[in-house]
Amino acid sequence: MNERMNDNLWLTAAECAERIGLTVKALRLYEKRGLINPRRTGKNWRLYGVEDITRLNEILALKRLGLSLARITELLAGQATDLDRTLVMQQTQLLSLRSRVEDSLSRINALRQRIAAGEPISINELVSIAKETSMNDQSTDAVAWQRYEQARPRTEGEIAPELHDHYLGAYLFDWGSSITIARREGGLTAQVLGQEAIDIYPEKEDEFFYRVVAAQISFHRGQDGRVDSLVLHQDGYEQLAPRIDVAEAERLAADLENRTKNRRQVDNSEALLRRVIAEHQSGEVDYDRMVPALADAGREQMSIIRADLERAGALRSISFKGVSSDGWDVYDVAFENAAMEWRFVLAADGRFSGLFFRRLP
């Protein structure tokens, strides 16, 4: 076939199906649905290039998340292929799986050591291990899919200007922070407590998106038709925030200003930080003490965090620096081989809702 380019750029239908693990019939079906559009030679043979392989990778990733072909067709219709977005989704799934495997192996090894030492094992521990090793939890797939969906390109639509009044006000997340929707010239802004206001743009009525980050806000209405809550869609999660009155929003802002100005830590702040550092050093993290989004992110990054802490060495000292403008307790932490800044913030129920660290020069 002199019309073919080299094997790295073009594949026949048979080659494409064999290398990817599909059938030629499946390729024809995807083509019929408009998902792929292979090049044709002068003899009408189909050739599959980089764009086609990327789209096939995207289709298979979505199928593994449990989406039907009809739903995949609906989602991808008219959209350009996005390899990076697909790879991020697959990376999320694989990192989460690796973290769960490493965690389960660690727990199994610990149980075996206890058995060898003649210590009793509880039913709860055995049930927990059985659940973890079944690997049937679909939550990580759901998060991967939502991240993928949130990252898709958005197009600004037109809504009636008077609708803006429906969205104005403050809303409270269950982790204790608020978000305020306010007017700007020609549109709206969204401002999380302690952060800068960011412009948001309507995709359609009650649905807005950010341009500076892959995130969206959808407004929900009660039975009376009034907006009573919003949902922030970001990082694969959906965070509900019911509407609150002006007095409550002002109280939250005043409390944050007071904590920041007076460098007022949360109760048992240093003890909480020491505990969470020790847990990450040992690899035995109590994820129940974190909100779900943070817990899942922590599981994904556990191996990276633990490796960083192993290189840092033993903990030497912790020094409180203050409270950040958005309410995080900030510490300088000295390890044997590194200096770091650690910061965290708690949800209203006392769970960690944010945890961050970085090496200092």
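**Exercise 1. Trace the hairpin from β8 to β9 in this predicted model.**

Solution.
Step 1. Find the link: 4 residues join β8 to β9 in a hairpin.
Step 2. Check the pairing. β8 spans residues 207–210, and its pairing with β9 is antiparallel, over 3 bridges.
Step 3. Fix the register. Q216 in β9 stands opposite F209.

**Exercise 2. Follow β9 to its other partner, β10, and state whether β9 is mostly covered.**

Solution.
Step 1. β10 covers residues 227–234 and pairs with β9 over 7 bridges, again in the antiparallel sense.
Step 2. For the register, take I217: L232 in β10 stands opposite.
Step 3. Inspect the turn. The β9–β10 hairpin has 5 residues between its strands, and G225 there takes a positive phi near 85 degrees.
Step 4. Count burial, with the cut-off at under 20% relative accessible area. In β9 (residues 215–221), 5 of 7 residues are buried, so the strand is mostly covered.

**Exercise 3. Which residues of the largest nonpolar core touch the most other members, and which elements give two or more residues to this core?**

Solution.
Step 1. The core holds 28 residues; L273, I277, M290, V333, F335, W342 and F352 touch the most other members.
Step 2. Elements giving two or more residues are α10, α11, β12, β13, β14 and β15.
Step 3. α11 gives the most, with 6 residues.
Step 4. Probe W342. Leaving aside neighbours within four places in sequence, its contacts include L273, I277, L309, V333 and F335.
Step 5. Look beyond this core. Another one lies apart, with 22 residues, among them L11, A17, L60 and Y148.

Key:
Residues are numbered from 1 along each chain as its sequence is written. This is a predicted model: local features need pLDDT of at least 70, side-chain atom pairs count only at pLDDT 80 or more; totals for chains, interfaces and linings use all residues. Side-chain values use heavy atoms; hydrogens and water are left out. Buried means under 20% relative accessible area, exposed over 50%, partly exposed in between (1.4 Å probe, protein chains only). Two strands pair if DSSP finds at least two bridges between them. A nonpolar core is a set of buried Ala, Val, Leu, Ile, Met, Phe, Trp, Tyr and Cys residues joined through side-chain atoms within 4.5 Å. Contact means heavy atoms within 4.5 Å.
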